[in-house]
There are 2 protein chains.
Amino acid sequence: MTTSLRMVVVGADAAGMSAAHQALRGAARRGRRIEVVVLERSQHTSYSACGLPYWVAGDVDGPARLLARSAAQHREMGVDLRMGATATGLDLDAGFVEYVDDAGGHRVDFDEVVLATGAAPIVPRWARDDRGALRPGVRPLKNLDDGAYWIDRFGGGRPGRAVVVGGGYVGLEMAEALLRRGWSTTLITRSRVMNTLDEDMSTRIEPALAEAGVEVVSETTAVALECRGAAGATVVATADGRTYAADAVVLATGVEPVSELGAAAGLPLGKSGGYLPDPAGRLAAGVWAAGDCCESLHRVTGEYVFFPLGTHANKQGRVVGENISGGSATFGGVLGTAVTRFAAGGAHVEVAHTGLSSAEAETAGLRTAGLVTEGRTASGYMPQARPIATKVLAERGTRRLLGMQIVGGQGAGKRIDTAAAALWGRLTVDDLAQMDLAYAPPFATVWEAVQLAARRLADRL
Amino acid sequence: MTTSLRMVVVGADAAGMSAAHQALRGAARRGRRIEVVVLERSQHTSYSACGLPYWVAGDVDGPARLLARSAAQHREMGVDLRMGATATGLDLDAGFVEYVDDAGGHRVDFDEVVLATGAAPIVPRWARDDRGALRPGVRPLKNLDDGAYWIDRFGGGRPGRAVVVGGGYVGLEMAEALLRRGWSTTLITRSRVMNTLDEDMSTRIEPALAEAGVEVVSETTAVALECRGAAGATVVATADGRTYAADAVVLATGVEPVSELGAAAGLPLGKSGGYLPDPAGRLAAGVWAAGDCCESLHRVTGEYVFFPLGTHANKQGRVVGENISGGSATFGGVLGTAVTRFAAGGAHVEVAHTGLSSAEAETAGLRTAGLVTEGRTASGYMPQARPIATKVLAERGTRRLLGMQIVGGQGAGKRIDTAAAALWGRLTVDDLAQMDLAYAPPFATVWEAVQLAARRLADRL
């Protein structure tokens with residue numbers, strides 16, 4: 001080929017840059033010519049958002065360590081990366097993107113366009129002032145600028161009182177970071193900590209937080225921010241009428257897809273507001289999407305779901321880049337696999353899940369059976385042994401494995417991958433109970449914890 | 001039913017006692033009557049053989065901690081357990097077992113017999129005196145008596161010089177135990193340490209042993225034991241003419257199935273000398289076998305292999321007990337999954353494998369591709385990050401996953417279970433590359449190490 005294809009990517013984080021580089025690699029492999037333009041509105045590219053809490057906690061030296069690649073490195077690898085470039089318009093018929101940067105407005109034509117605009121933190125109204133700006137001392141933790149803000153606040157000086165709003169992954173991780181920084185920490189969550197787990201599992205998490213000294217306020221929402229007293233101390237008020245003094249308020253209230261650009265161009269959106277790519281990553285002819293601005297097909301239910309995670313962003317970006325460069329790749333879907341931990345103040349709890357929870361299975365109309373089994377991460381006589389609670393969920397009749405949830409001590413969390421692999425292969429709970437997993441006393445019990453759980457459920461099905 | 005079935009089990013360790021209890025449970029569930037007689041030649045039952053090195057190392061307080069259940073507990077649960085009872089004859093036609101105990105010779109009739117006689121350590125000729133007894137200071141580590149012997153030797157007093165003969169799991173674990181006890185340790189192995197792994201993986205283990213202070217002597221065999229000098233110091237001589245002074249010699253030279261009883265009764269044996277049960281655990285009508293005295297069907301090759309492991313013994317025993325009590329269970333086969341570690345003297349290396357090695361795949365006549373990939377156990381910027389080398393093996397053409405090997409730091413080993421689950425489900429290397437595995441910075445890289453390895457191999461297939 002002598003003509004060159006132009007691919008324009010909007011967003012230079014995991015999904016966008018995976019797409020960009022895979023397209024370059026794929027084109028090179030196939031002897032095709034491709035020009036890759038990437039528009040990024042911020043001054044950062046390819047950073048680990050998941051690493052931000054650990055930067056704030058002090059595990060990570062500085063923001064440079066969180067960068068997978070610099071803008072200069074991307075450019076050296078052949079990407080026409082335009083930083084500080086905010087896409088403002090998308091014309092799918094004429095095939096161009098409009099954007100603005102410091103130099104003014106621009107337009108770039110494309111043969112293929114990839115929407116990789118990510119997700120943005122959900123900011124409650126009470127966290128903003130009348131002009132819509134975040135109020136002082138209140139901020140989410142989504143990007144490197146947020147990280148720098150919180151490092152400045154928590155990284156030195158006299159520890160104060162912090163309120164974390166939100167009991168999901170980021171809330172839990174920031175509670176760890178704050179405790180490790182010596183701050184008095186209150187966590188407010190509208191239902192319970194880690195409510196993506198069924199209640200019979202999530203209730204096992206709070207004792208670890210309490211043990212470490214976190215004040216957990218559950219089943220209520222933060223509704224207002226007040227300034228009180230002569231010193232103007234900030235107070236967070238909750239729906240049940242209580243107040244919590246705070247020198248800093250971390251918003252961990254989730255994210256939502258950034259999809260205005262495509263929505264304005266007439267692209268359909270899902271319930272969450274995310275794009276709905278097919279397994280090839282395609283939205284329409286020549287139009288693609290990847291990463292946190294998308295919903296993904298759930299491999300168990302076949303429904304679109306919103307699981308904004310770097311692991312999917314990387315894979316989806318790769319699939320899109322491969323397809324644009326002439327390949328034929330598909331994204332196999334998501335299982336909702338996730339893991340985190342809370343490790344501070346002598347407590348260490350790991351939390352993981354994959355597949356459906358009981359609540360999700362019920363919504364999907366599946367006839368299920370679930371069981372929580374208590375086990376150990378290592379042989380009971382070993383010093384490494386920690387408790388691990390495993391909930392297994394299977395479909396009645398087909399005996400198909402539907403999901404697993406884990407709450408346990410050190411070494412518990414990553415065992416979820418065994419269930420994720422079994423779910424990926426559409427295996428039964430009997431398969432999981434029977435499979436040949438690794439055993440040695442420092443690593444597992446002779447009936448591995450996840451397998452013991454599967455066996456017990458299999459016996460009851 | 002009013003008539004009672006009598007089941008006689010020979011051997012009261014994992015396989016035998018799993019069979020016994022499952023038969024009792026299954027019969028109770030089905031309203032059947034069953035009488036379970038178990039013959040055990042030793043004075044111990046249901047102990048964790050895998051825990052012995054950790055007892056010697058000092059992790060485990062005493063032998064009682066290694067016992068899953070005492071003889072009294074088994075009896076309370078309804079098992080007619082006869083200790084110190086050595087089976088001497090098996091008549092399959094007439095249906096009885098002959099045995100001797102302190103009171104003399106006995107005979108017990110059966111409707112169903114389960115052979116669960118385990119495996120015995122392979123003891124080289126040079127380790128025995130003219131009358132066949134183990135020479136002083138030389139002993140394997142297979143049962144609780146061996147453990148007590150070595151605890152007496154290593155658990156106190158002035159540390160000396162130990163030679164471990166054998167570089168497999170027990171050899172590695174005993175090298176750890178000896179170092180942790182302060183002994184100067186030499187490990188002699190006929191090929192290389194952990195030669196169940198391919199050489200491009202196993203060579204990654206020796207540096208950790210050397211770093212910790214173990215003298216590794218590879219590619220030679222111990223051939224003689226000599227007493228030298230006035231003090232009568234023991235010296236181990238190797239085939240290449242070198243000698244190694246030793247105050248203690250630990251034999252870690254593997255085990256072989258104990259199958260004389262069935263062999264004498266005309267039951268066929270495999271290449272290793274083990275019984276060859278079908279997936280139901282049956283050798284012949286009314287005759288069953290389970291555990292380390294058996295070969296097992298390999299799930300990848302379909303061939304009988306000898307993998308004496310407690311995990312299989314427990315599952316196989318359960319299958320046999322279920323079938324004898326009127327159920328219909330099968331053992332799904334083995335993958336050869338195993339994990340161990342060497343953690344002493346500042347070194348920590350974890351070693352794991354599942355499925356076929358390159359050498360095994362070649363023997364099986366498979367067209368394979370393999371690749372070693374270097375990764376990290378956690379995000380590179382996290383303090384938990386340790387190196388992990390992952391070798392993935394897949395079949396050309398079908399792209400079927402065939403095996404995985406892992407050598408890495410803390411947290412590396414148990415990741416093998418993800419590959420084991422994928423192998424169990426007969427998934428492809430592409431499945432492993434694409435599946436939704438758990439990520440958070442303290443637990444993994446965003447492309448999980450085992451998945452990165454699979455993806456790289458998939459790209460090359």
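A search of the whole structure, which is a predicted model, turns up three cavities of 30 Å³ or more. The largest has a volume of about 60 Å³, and the second largest has a volume of about 50 Å³. From there, this briefing visits a buried helix, an annotated domain and a few residues worth finding in the viewer.

**The cavities**

- Start in chain B: the largest cavity is lined by B:R299, B:V300, B:L335, B:R400, B:L401, B:L423 and B:R426.
- Sorted by character, the lining of the largest cavity has four nonpolar residues, no polar ones and three charged ones.
- Now move to chain A, where A:R299, A:V300, A:L335, A:R400, A:L401, A:L423, A:R426 and A:L427 line the second largest cavity.
- The lining of this second largest cavity divides into five nonpolar, no polar and three charged residues.

**Helix α11 of chain A**

- Helix α11 of chain A spans residues 416-424, and nine of its nine residues are buried, so the helix is largely enclosed by the rest of the structure.
- Those buried residues are A:I416, A:D417, A:T418, A:A419, A:A420, A:A421, A:A422, A:L423 and A:W424.
- A:L423 is therefore a residue to look at twice: it belongs to the buried set of α11(A) and also helps to line the second largest cavity.
- What covers the helix? From chain A, the cover includes β23 (347-355), β26 (401-408), α12 (429-434) and α13 (449-460).
- Chain B joins in as well, with its own α11 (416-424) and α12 (429-434) included in the cover.
- Just after α11(A) comes A:R426, which takes a positive phi of about 55°; A:R426 is also among the residues lining the second largest cavity.

**The annotated domain**

- An unreviewed UniProt entry carries the annotation "domain: Pyridine nucleotide-disulphide oxidoreductase dimerisation" for residues 348-446 of chain A.
- Over those residues, the chain is 21% helix and 34% strand, and the end C-alpha atoms are 24 Å apart.

**A:T354, in strand β23**

- A:T354 lies in strand β23 of chain A and is buried, with a relative accessible area of 1%.
- The side chains of A:T354 and A:T337 are joined by a polar contact of 2.8 Å.
- Setting aside neighbours within four places in sequence, the contacts of A:T354 include A:I416, A:A419, A:A420 and A:L423, which are among the buried residues of α11(A).
- A:T354 is also in contact with A:L335, A:G336, A:T337, A:G403 and A:M404.

**A:D59, in a loop**

- A:D59 sits in the loop between α2 (52-57) and α3 (71-76) of chain A.
- Is A:D59 buried or exposed? A:D59 is buried, with a relative accessible area of 16%.
- A polar contact of 2.7 Å links the side chain of A:D59 to that of A:R180.
- Not counting residues up to four places away in sequence, A:D59 touches A:Y54, A:R180 and A:R341 in chain A, along with B:Y381, B:M382 and B:P383 in chain B.

**A:V38, in strand β2**

- Look for A:V38 in strand β2 (residues 34-40) of chain A, where A:V38 is buried with a relative accessible area of 0%.
- A:V38 and A:L81 are 43 residues apart in sequence, but their C-alpha atoms are 4.8 Å apart in space.
- Leaving aside neighbours within four places in sequence, A:V38 is in contact with A:V9, A:G11, A:A12, A:M17, A:A20, A:V79, A:D80, A:L81 and A:R82.

Technical notes
Residues numbered from 1 in each chain as written. Chains lettered and ligands numbered in written order. Predicted model: local features only at pLDDT ≥ 70, side-chain atom pairs only at ≥ 80, totals over all residues. Heavy atoms only, no water. UniProt positions renumbered as here; feature names shortened; annotations may be inferred. Helix = DSSP H or I, 4+ residues; strand = E, 2+ residues; numbered from the N terminus. 1 Å grid on protein atoms, 1.4 Å probe; cavity = no way out; pocket = protein on both sides within 12 Å on 5 of 7 lines; lining within 4 Å. Points joined across faces, edges and corners; volume = space filled by probe spheres on them. Nonpolar A, V, L, I, M, F, W, Y, C, P; charged D, E, K, R; others polar. Buried < 20%, exposed > 50% of the residue type's maximum accessible area, 1.4 Å probe, protein only. Contact = heavy atoms within 4.5 Å. Polar contact = N/O pair within 3.5 Å; in protein donor to acceptor, adjacent residues only side chain to side chain.
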